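Me: Got a chain open here and I'd like to talk it through. Can you walk me through the fold?

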Amino acid sequence: MKELVEFSRKYGSDPELVLAGGGNTSMKEKGVLYVKGSGCSLSTIREENFVAMDLAKLLEILDKEYPAEDREREAMFLADVSKAKLPGEENKRPSVEALLHALFPQRYVLHLHPALVNGLTCGLDGEKIAGELFPDAIWVEACRPGYTLAKLLSDKIGPETDTVLLQNHGVFFASETPEGLAKLLNDMMTALKARLPSELPEKLEDVDLSKPFTPDHIVYCGVGPALPDTENARLLYRDAQKINWYAGAFGGPKPLDEELVQFILNWEAESYRKKQS
Ligand SMILES: [Zn+2]
């Protein structure tokens with residue numbers, strides 16, 4: 001547990017890797033998943049901010065049938081995720097990505113939203129370039145978060161998968177050791193930096209908030225026209241500007257589809273995350 005808290009804070013404190021309440025980490029031990037609580041910040045996380053969950057119960061969700069209608073399905077899905085909490089954890093709320101963590105067999109999972117990686121995941125040629133640079137990584141196309149994403153990843157993931165790129169979202173790394181996570185992350189950042197035409201310029205182009213790149217931009221910046229007057233909104237606006245620039249090295253920027261933007265705006269799980277900020 002000490003190691004989990006340690007590497008969570010380390011990566012959580014690096015603004016190049018994750019901002020505000022974004023990103024999450026987990027550890028598995030004896031059938032229990034310890035996953036970050038929704039909306040809390042990785043940089044200051046403590047042991048009690050992790051939620052202990054029954055791994056087998058969480059994975060049972062994948063075999064269940066859920067309604068096709070968004071609101072109904074997500075309400076049932078969230079209720080089932082909540083039921084997988086261990087006794088004594090009732091007052092905590094696990095990350096919306098808890099089931100994704102459960103899908104990896106490895107002991108440790110690290111999920112980040114680095115602007116540089118999202119330059120790739122939000123690039124028009126992102127999937128093609130990811131296939132060249134990281135042939136063993138899995139690419140998951142942009143889709144509804146929550147149940148749909150977990151189901152899609154469960155169809156693609158294998159026992160050896162240690163890297164998953166989520167289009168317009170971020171990256172997952174899985175390893176038996178914290179050192180293994182560090183290596184996966186470092187290798188990816190190095191390979192992506194090598195593709196850039198220059199250092200990130202100080203002055204970056206404005207971006208259109210009505211065309212967000214990732215769920216973080218929707219959660220913290222809204223879909224504007226005006227930027228909310230909060231520190232997190234300013235941080236995530238700058239993040240969108242960086243992604244916009246980085247994506248130039250990966251075929252040019254590709255924002256989220258309008259239909260997904262609408263879904264995320266109305267998704268209860270994300271409004272909960274926003275309230276924690
Ligand atoms: Zn995420």
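**Fold and domains**

Reply: Sure. The chain has 12 helices and 7 strands, where helices (H or I, at least four residues) and strands (E, at least two) are DSSP runs numbered from the N terminus. This is a predicted model, so local features need pLDDT of at least 70 and side-chain atom pairs count only at pLDDT 80 or more, while totals for chains, interfaces and linings use all residues. Residues are numbered from 1 along each chain as its sequence is written.

Me: What's the radius of gyration, and what would a compact globule have?

Reply: The chain has 18 Å, which agrees with the value near 19 Å for a compact globule of 277 residues. That radius is taken over C-alpha atoms, and the globule rule is 2.2 Å times the number of residues to the power 0.38. Along its principal axes the C-alpha trace spans about 50 × 40 × 35 Å.

Me: And how much of the chain is buried?

Reply: 45% of the 277 residues. Buried means 20 or more other C-beta atoms within 10 Å of the residue's own, exposed means 12 or fewer, and partly exposed is in between, with C-beta atoms placed from the backbone.

Me: OK, the sheet. What's the strand order?

Reply: E3-E2-E1-E4-E7-E6-E5, an open sheet with mixed pairing. Two strands pair if DSSP finds at least two bridges between them.

Me: Which strands stand at the edges?

Reply: E3 (50-54) and E5 (138-140); each has a single partner strand, so one side of each is left without a neighbour in the sheet. E2 (residues 32-36) runs antiparallel to E3, joined to it by 5 bridges, and Tyr34 stands opposite Ala52 in E3.

Me: Which strands does H1 touch?

Reply: Helix H1 (residues 2-12) packs on the sheet against E1 (24-29), E2 and E4 (108-112). Contact here means C-beta atoms, placed from the backbone, within 7 Å. The direction of H1 makes about 165 degrees with that of E1; axes are lines fitted to C-alpha atoms, for helices over the stretch in contact, and angles run from 0 to 180 degrees between N-to-C directions.

Me: Switching topic: where are the domains?

Reply: Domain 1 is 2-193 and domain 2 is 215-275, with bounds from an automatic or database domain assignment. Their centres, taken over C-alpha atoms, are separated by 19 Å. The contact takes 29 residues from domain 1 and 27 residues from domain 2.

Me: Which element gives the most on the domain 1 side?

Reply: H5, with 5 residues.

How values were computed
Two residues are in contact if their C-beta atoms, placed from the backbone, lie within 7 Å.
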